[in-house]
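Subject: Structure for your review

Dear colleague,

Please find below the structure that I am handing over to you, followed by an account of what was found in it. I should be grateful if you would keep the model open while reading.

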Amino acid sequence: MKFFVDTAEIDEIKDLSGMNLVDGVTTNPSLIAKSGNDIKETIKKICEIVSGPVSAEVTATETSGMIEEGKILHSLSPNVVVKIPLTWEGLEACNKFTELKIPTNVTLCFSAPQALLAAKAGATYVSPFIGRLDDTGINGVDLIGEIREIYDNYDDLNTMILAASIRNINHVTQVAMIGADVATIPPKILKELVKHPLTDVGLSNFLNDWASTGQKIK
Ligand code: G3P
C-alpha cells in the first residue's frame, strides 16, 4: 500500500520524505488555507521535494472552470494530480482530463455508487473519506471494502482506491487489510504508526540487562 501524506505544510513533508515513507502528497483547499501560503508556490515546492503524485484541488464548481484550473495546476509539475470533487460537473471534468491524459484524484467520495461513477469517468484515484463517514455514525472502512469488491469485479475499472480522511492508526491497518491502493495519512498519524508501549518497555529492559554486562560493542 502506498503512503501519501495529507498536508500542505512544507516542513512536515521535508521531515517525512527523508524517511523514504512518502510515496505522494494530497492537499485540499482547507489544507492550503491552513498553510497560509499561495497554492501554486506550495504545490511547486512540494513537487521539488516529492517525486510521486501530488494532488492539487480545483476550486471552481462548474465543468469549464474545473478544466481551466486543472490545466493550470497540472502545468506546475508533471507529478501534479488534479483533484476534483465528486459532483456531476466534476465527473464531466474528469472525463476531459482522462482524454487529455492528465491524472485525476476524484475526492469527497462517500458511497460505492459515487466510486463506480468516478471509475467509469476514468479517475486515476478515488478518495473515499472514511473519517468523515465515521463522524456520521457510519463505519467508513466498510466503504473501502465495498469499493474494493466492486472494482475487483471488472477488469476495465482501473481507478486506484486512495483511502482518505484517515483519523487513527487503526484506519491505516484496516484499509491495508482490505487492499486500498493508497492511504493518505496526516503527518501526526504517520508518526504514530511506529509507536507501541511494549516496544518501549522491551527496549528499556534490553538496555538495562546490557548495562549489567559491562560490555561495549564499540
Ligand atoms: O485531504 C482529504 C482528506 O484526507 C481530508 O481529511 O480529516 O479533513 O476529513 P479530513
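The notes below go from the whole chain to its sheet, then to one pair of helices and finally to two individual residues.

Overall picture

Please bear in mind throughout that this is a predicted model. The protein contains 11 helices and 8 strands. Its C-alpha trace spans about 70 × 40 × 30 Å along the principal axes. Of its 218 residues, 44% count as buried. Among the contacts with a separation of 6 or more, 57% are between residues 24 or more positions apart.

The barrel

The 8 strands form a closed barrel with parallel pairing, in the order β1-β2-β3-β4-β5-β6-β7-β8. On average, neighbouring strands of this sheet are turned by 30 degrees against each other, direction ignored.

Strand β8 is a convenient place to look at the pairing in detail. On one side, β8 (residues 182–185) pairs with β1 (residues 2–6) in the parallel sense, over 4 bridges. Within this pairing, Lys-2 stands opposite Val-182 of β8, and Val-5 has Ile-185 of β8 as its bridge partner. Strand β8 also runs parallel to β7, to which 2 bridges join it. Here Val-182 appears again, as the bridge partner of Leu-162. As for the side chains of β8, Val-182 and Thr-184 point one way, while Ala-183 and Ile-185 point the other way. All four of these residues are buried.

Helices α6 and α8

The axes of helix α6 (residues 112–120) and helix α8 (residues 140–153) come within 9 Å and cross at roughly 40 degrees. The two helices are therefore oblique to each other. In this crossing, α6 passes α8 in the right-handed sense. From α6, the contact is made by Ala-112, Ala-115, Leu-116 and Ala-119. From α8, it is made by Leu-143, Glu-146, Ile-147, Ile-150 and Tyr-151. The residues of this contact divide into 8 nonpolar, no polar and 1 charged.

Helix α6 also packs on the barrel sheet, where it touches β5 (104–109) and β6 (125–128). The direction of α6 makes about 165 degrees with that of β5.

Two residues with positive phi

Most residues other than glycine have a negative phi. Two residues in this model are therefore worth a look on the backbone, Leu-108 with phi near 60 degrees and Ser-165 with phi also near 60 degrees.Leu-108 lies in strand β5. Is this residue buried, exposed or partly exposed? Leu-108 counts as partly exposed, because its relative accessibility is 30%.

Ser-165 lies in the loop between β7 (160–163) and α9 (169–178). At a relative accessibility of 11%, Ser-165 falls under the 20% limit and therefore counts as buried.

With kind regards

Methods. Residues numbered from 1 in each chain as written. Predicted model: local features only at pLDDT ≥ 70, side-chain atom pairs only at ≥ 80, totals over all residues. Heavy atoms only, no water. Axes fitted to C-alpha atoms, helices over the stretch in contact; angles between N-to-C directions. Parallel < 35°, antiparallel > 145°, perpendicular 65-115°, else oblique. Left-handed = near helix turned anticlockwise from the far one by under 90°. Contact = heavy atoms within 4.5 Å. Nonpolar A, V, L, I, M, F, W, Y, C, P; charged D, E, K, R; others polar. Pairing = 2+ DSSP bridges. Buried < 20%, exposed > 50% of the residue type's maximum accessible area, 1.4 Å probe, protein only.
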